[in-house]
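Me: I have a model open on my screen and would like to understand the words used to describe it. Could you take me through the reasoning behind them?

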Amino acid sequence: MHFTQTLELFPEQRVTQMLFKDVKNAAELRQSAVEGKINAALINPTMLVSPFQALLAANKAVHLQTIGKMKTRSLNSEIIFNLSPTNNISEAFKRFGISDQDRSLLVVVVHNKDESEFLSNITSRVDGQQVPAEEFSSFSDPAKIRKVFLRLLLVFVG
């Protein structure tokens, strides 16, 4: 039920996305990610309209890591940061990262072709139901997305 793609510019790298609903341990997962115990970007899927956005963010993060130009401390935090329309890291985490009360979760893992076995380790840590990537659009919250991007538009136009 996960969605894996090879990065075109980095063929040795894969991006796997796993979508979950009815997540009961978001606070625990978020804390584990902060402590570096989970090697994945934990994303709030309500702020995205397509898994392609996460794939683009991961591709950009890998590119920036390769050239030594990341703005955050890790590849996973760089993925979350790259989803944001602003350059504010804490705002990116607040809007696109998971919060303690979230019930849905998108897990994005960048890995080598031979490292896919740890995906089951991450999946086993999530207390929720994994769902097919085809259900992604049902998690989007257009009102929340509009609010974030409208605010940005008003800053540029205003």
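Here is our conversation about this predicted model.

Me: Happy to start with the overall picture. What makes up the secondary structure of the chain?

Reply: There are 6 helices and 5 strands. Along the sequence they come in the order β-β-α-β-α-α-α-β-α-β-α.

Me: Why is the chain called as compact as a globular protein of its length?

Reply: The globule rule gives 15 Å for 158 residues, and the radius of gyration of the chain is 15 Å, close to that value, so the description fits. The C-alpha atoms fill a box of roughly 50 × 40 × 30 Å along the principal axes.

Me: And how many of the residues count as buried?

Reply: Of the 158 residues, 44% do; the label requires under 20% relative accessible area.

Me: Let's zoom in on two helices. Why is H2 called oblique to H3?

Reply: The axes of H2 (residues 51–67) and H3 (residues 75–83) cross at roughly 125°. Roughly perpendicular covers 65 to 115 degrees and roughly antiparallel means over 145, so H2 is oblique to H3. Their axes come within 8 Å, and the crossing is right-handed.

Me: How do you know that H2 and H3 meet, and which residues are involved?

Reply: Contact means heavy atoms within 4.5 Å. On the H2 side the residues include Ala-54, Ala-58, Ala-61 and Leu-64, and on the H3 side they include Leu-75, Ile-79 and Leu-83. The residues of this contact divide into 9 nonpolar, 3 polar and 2 charged.

Technical notes. Residues numbered from 1 in each chain as written. Predicted model: local features only at pLDDT ≥ 70, side-chain atom pairs only at ≥ 80, totals over all residues. Heavy atoms only, no water. Axes fitted to C-alpha atoms, helices over the stretch in contact; angles between N-to-C directions. Helix = DSSP H or I, 4+ residues; strand = E, 2+ residues; numbered from the N terminus. Parallel < 35°, antiparallel > 145°, perpendicular 65-115°, else oblique. Left-handed = near helix turned anticlockwise from the far one by under 90°. Nonpolar A, V, L, I, M, F, W, Y, C, P; charged D, E, K, R; others polar. Rg over C-alpha atoms; globule rule 2.2 N^0.38 Å. Buried < 20%, exposed > 50% of the residue type's maximum accessible area, 1.4 Å probe, protein only.
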